[in-house]
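Colleague: Please give me a close look at how the strands pair in this model, and at what packs against them. Follow it with the spaces that the neighbouring elements line.

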Amino acid sequence: NLKFAPLICPEFVPRVANINQVFNDFIDTRTVVIMGYGRRTETLVSFALGEGRDGLFLNFNSANEIDGRHFQLRSFPVLAGSEQVLLTRKGREIQLDPKDYVLNTSTGQIVLDHPLELGENLTVNYVSEADINNPEIFTSNSLENLFIKHGRPSIENTLSLASQMAFENGATRVLAIQPRPLNEDLAWRESFDRLSKEQGYFIVPVLNNDDFYAYEGIRQAAFDHSIRMSEVIQRKERVVVAGQLQPEQNTFRDSRMRLLHLDLDPPVFRIVQGETQELNSSFVAAAVAGLESGLGNVAFSATNKTVTGFTLGTNRKSPRVDLEPIIRSGLTPIQLNAAGGLVYRARTTAPVGSPILEEPSVQRAIDYVSKNLRRTLERLFVGNNINPELIADLLLQSQNFLDAQDMIESGQALSAEQDPNEPRQINLGVALTPLFPLNQLSVSFTVSVGV
């Protein structure tokens, strides 16, 4: 058993380090967890029925003519699930009301009230209720699989839309979780319980505009989850990236919460399924988490980086004198940018006065070193008998690991001692000096008169 809690020392004198070694591709501090609502069913069988009057097939009517209304489905009868009839029009998927068609589930014949127009596509699915609380990892190469499971991105499908925005901004791994409806689980407790068993770092809850009344409570539940899972005994350090309420007061004051500040009057927009839609700040949080997760090194800061995939409604940049009080209050301002938004200053909600706690990149680097040093040492040493040689080797391997990390300025393995009360445990003392981003410049001029 190894007990490890890093001691952060800004003034610690660095030793020569062998940098540029990447351990395990930062996976433990790279995964973005998107929690939101998507399609609540899974498709058992699907029948595609043509694309407008130029491409109809399997038609039936009394005269056996192609009329765009009558279709014969294959492989009937289907013995499980319930039907779902979808019309695709100009790239937008619409679920038809049962009054708009007649479907004979025994023969597989469907008759539409109105014929298909040119370019429209009709699909008949048989679906069943999906396991909506089952977390699943998707990568940038498997985004289409996420859409197959949870549905195409839409303003109502917050899970798919927010995941898409995270990937657009650089995320490589998304853990998708679809909670139960708010009327069944207002604070998403079941989903956070499921998340406790998973690896994930950036926690991003997302709600559509109609459900945004519940955002404050869910955001608080996400923060409580992050604090609990970041305890040493849990070994699953993580942070929350969240949008703001309007107006916003920072009540968190902790390094495990990142709270965005946007000028939401006028609001944020994005083109979704061919139409301009209004987004709330939780979608922008997904984009920011994707940006930060995709940075090449965990010690890199999101400050002065661009997030894309949306348009700020304002055409005005706030002056620095207006932004400084926002930053001091613990919020991360998102400024107007031609490509979307600019992270003016990335920071946690920790109180002003501790650069270590205020900087998200420092928190992430510490979490990375903590997780991976602990895991490396346990793989090497747990199960061996404790003796002076093992303790000396543990110190050496700890130092080798710290010297190889390029996300900290330096680190030193200070001590390794057998616990006086638990003889099967070694207490390891480590000092870290983090790398700090440059946030501002102070320039002084000396002006003289030439002779």
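Modeller: Happy to. Two strands pair if DSSP finds at least two bridges between them, and the elements are DSSP runs numbered from the N terminus, with at least four residues for a helix (H or I) and at least two for a strand (E). The model is predicted, so to speak of local features a pLDDT of at least 70 is needed, side-chain atom pairs count only at pLDDT 80 or more, and totals for chains, interfaces and linings use all residues. Residues are numbered from 1 along each chain as its sequence is written, and side-chain values use heavy atoms, with hydrogens and water left out.

Let me start with β15, at residues 257-261. On one side, two bridges connect β15 with β20, and these strands run parallel. In this pair H261 faces P333 of β20. On the β14 side, three bridges hold β14 and β15 together, again in parallel, and A242 is set opposite L259 of β15. Four of the five residues of β15 are buried (under 20% relative accessible area with a 1.4 Å probe, protein chains only), so β15 is largely enclosed by the rest of the structure.

Stepping back, β15 belongs to an open sheet of nine strands, ordered β11-β12-β3-β13-β14-β15-β20-β21-β18, and the pairing is mixed. At its edges stand β11 (136-139) and β18 (306-308), each of which pairs on one side only. From one strand to the next the twist averages 30°, where axes are lines fitted to C-alpha atoms (for helices, over the stretch in contact) and angles between N-to-C directions run from 0 to 180 degrees.

Further along that order, β20 (residues 332-337) and β21 (residues 340-343) run antiparallel and are joined by four bridges. Here N337 is found opposite G340 of β21.

Two helices deserve a look here. Helix α2 (residues 158-168) packs on the sheet and touches β3 (32-35), β11, β12 (173-177) and β18, with its direction at about 170° to that of β12; contact means heavy atoms within 4.5 Å. Helix α4 (residues 215-229) lies across β13 (202-205), β14 (239-242) and β15, and it runs at about 160° to β14.

There is also an open sheet of three strands, in the order β17-β16-β19 with antiparallel pairing. Its edges are β17 and β19 (311-312); each has a single partner strand, so one side of each is left without a neighbour in the sheet. Strand β16 (residues 268-272) is joined to β19 by two bridges, and the two run antiparallel, with V268 opposite L312 of β19. Helix α2 turns up again in this setting: α2 lies across β16 and β17, at about 100° to β16.

Now for the spaces. On a 1 Å grid over the protein atoms alone, a cavity is a set of points where a 1.4 Å probe fits but cannot get out, a pocket is an open set with protein on both sides within 12 Å along at least five of seven lines, and lining residues have an atom within 4 Å of a point. A volume is the space filled by probe spheres set on the points.

By this rule there are two cavities of 30 Å³ or more. The largest cavity has a volume of about 50 Å³, and its lining is made up of R258, L260, V288, E292, A302, T332, V343, A346, R347 and P360. Both β15 and α5 (281-293) give two or more residues to that lining.

As for the pockets, the largest holds about 550 Å³ of space. It is lined by 25 residues, and E93, Q95, S154, E156 and N157 are the closest to its centre. Edge strand β17 (275-279) returns here: together with β6 (82-89) and β7 (92-95), it is one of the elements that each supply at least two residues of the lining. Strand β7 gives the most, with four residues.

The second largest pocket has a volume of about 320 Å³. Of its 14 lining residues, R345, E358, E359, N439 and Q440 lie nearest its centre. Two or more lining residues come from each of α6 (320-328) and α7 (355-358), and α6 has the largest share, with three residues.

Methods:
Buried < 20%, exposed > 50% of the residue type's maximum accessible area, 1.4 Å probe, protein only.
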